[in-house]
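I sat down with this one to see how the chain is put together and where its rings go. My notes are below, in the order I looked things up.

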Amino acid sequence: MFDHHSEPEGEPADDAERRDRDIVDLDWSLPAAGSRPSRFPAPSGELAVVSIGDPAAERVVLVPGVTGSKEDFLLLAPLLAEAGYHVQSFDLAGQYESAGAGAGRRHDYGLFRDDLVAFLEDGGPAHLLGYSFAGTVAQLVTVERPELVRSLTLLAAPPEPGNGFRGVRGLGPFTWMATGRVGAALMIWGIVTNKNHAPPKRLEFVRHRFAFTSRRSVADIIVLMKHAPDLRARVAAVPIPKLVAVGSHDLWPLELHAGLAERIGARLAVYKTGHSPCETTPHALARDMLELFRATRPDT
């Protein structure tokens with residue numbers, strides 16, 4: 001279901017694209033040099049956190065999506081830290097090393113929103129990135145607690161409200177029929193059988209973390225993604241820089257992402273990859289995020 005890699009298209013435009021072309025498969029279970037693991041007592045339970053960079057520096061928070069984890073930013077986070085930022089990420093409740101969070105209750109939008117708000121309140125306002133499903137959560141927090149968000153990046157996020165799956169290439173017209181449990185099973189099956197064409201070490205890690213991730217949490221999120229709130233006008237009204245970042249071969253057609261960017265007043269950045277620019281084109285993504293961050297400073 002999730003296209004991971006695409007063939008290179010044309011010559012690289014700059015050094016960031018050249019560095020992305022040179023990425024090789026790596027052990028995704030090994031933390032980046034200088035990173036620090038911790039646990040955060042969120043409203044839903046303990047969340048697994050990784051931090052990198054100077055804790056006194058301006059903060060960046062990267063939020064992974066359903067079936068994902070903080071390790072999805074293994075290549076991106078160090079680039080932002082090297083540029084002088086304090087970068088943090090955490091596993092969503094029910095996912096990987098936060099699997100116990102939210103146990104015994106439904107994983108709804110309120111749960112994920114409250115966890116992210118608490119995390120931002122604890123460390124102070126941040127440049128916020130929401131990846132895939134977490135893009136909706138990031139938008140909720142942005143409109144409800146705008147003082148906590150310096151800038152907003154939506155990375156391969158569902159571009160339409162309502163049934164977020166309806167625009168997915170090839171699958172959209174059929175998604176209304178699937179329950180959360182069936183949808184979760186199909187998603188997990190597609191990932192572990194490598195329908196997304198991940199390289200061997202990446203696939204090994206992805207299969208490993210499914211031994212921990214709560215299947216119930218995945219099913220709950222599938223249902224949430226079929227009932228996404230329409231936040232576009234409210235996000236547009238928040239006066240912060242915004243970026244919609246997406247692969248040219250994403251799950252959703254590019255015109256839907258372009259429409260979202262226009263509706264919320266965001267810049268659109270497109271990379272020559274699939275649903276995972278943070279893994280496959282991290283240098284280009286970091287370049288564009290750093291430009292976004294600079295736009296928040298009054299002297300730029």
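These entries go from the whole chain to its rings and then to its strands.

**Overall.** I am working with a predicted model. I started with the secondary structure and got 11 helices and eight strands. Next I checked burial: 57% of the 300 residues in the chain count as buried. For the surface I got about 12300 Å² exposed, with 56% of that supplied by carbon and sulfur atoms. Then I looked at contacts with a separation of 6 or more, and 75% of them are between residues 24 or more positions apart.

**Aromatic pairs.** How many aromatic pairs does a search of the whole structure find? I got eight. The one I opened up was Tyr96 with Phe205, an edge-to-face pair with 5.7 Å from centre to centre and 90 degrees between the planes. Where do the two partners sit in the chain? Tyr96 is in the loop between strand S4 (86-90) and helix H3 (109-123), while Phe205 belongs to helix H6 (residues 200-209), so I logged this as a link between distant parts of the chain, 109 residues apart.

Are these two rings buried or exposed? Tyr96 has 8% relative accessibility, and the cut-off for buried is under 20%, so Tyr96 counts as buried. Phe205 is at 3% and therefore counts as buried too.

**Cluster and charges.** I also followed the ring pairs that link Phe40, Phe90 and Phe119 into a cluster. Phe119 has a further partner: the charged end of Arg59 sits over its ring, 4.8 Å from the centre. I noted another such arrangement at Trp28, where the charged end of Arg202 sits over the ring at 4.5 Å from its centre.

**Strands S1 and S2.** Phe40 took me to the strands. Strand S1 (residues 36-42) and strand S2 (residues 45-52) run antiparallel and are joined by seven bridges. They form a hairpin, with two residues between them. I looked across from Phe40 and found Leu47 of S2 standing opposite. A reminder to myself for reading such strands: side chains in a regular strand alternate between the two faces of the sheet.

**Strands S7 and S8.** Which way do these two pair, parallel or antiparallel? Strand S7 (residues 242-247) pairs with strand S8 (residues 267-271) in the parallel sense, over five bridges. I picked out Leu243, whose bridge partner in S8 is Arg267. Tracing the path from S7 through helix H9 (residues 254-264) to S8, I put down a right-handed β-α-β unit.

Key:
Residues are numbered from 1 along each chain as its sequence is written. This is a predicted model: local features need pLDDT of at least 70, side-chain atom pairs count only at pLDDT 80 or more; totals for chains, interfaces and linings use all residues. Side-chain values use heavy atoms; hydrogens and water are left out. Helices (H or I, at least four residues) and strands (E, at least two) are DSSP runs, numbered from the N terminus. Buried means under 20% relative accessible area, exposed over 50%, partly exposed in between (1.4 Å probe, protein chains only). Contact means heavy atoms within 4.5 Å. Accessible areas come from the Shrake-Rupley method with a 1.4 Å probe; for residues, only the protein chains shown count as cover. Rings of Phe, Tyr and Trp (its six-membered ring) pair if their centres lie within 6.5 Å; planes under 30 degrees apart count as stacked, over 60 as edge-to-face and the rest as tilted. A charge sits over a ring if NZ of Lys or CZ of Arg is within 6 Å of the ring centre and within 35 degrees of the ring normal. Two strands pair if DSSP finds at least two bridges between them. A crossover is right-handed if, with the strands pointing away from the viewer, the path from the first strand over the helix to the second runs clockwise.
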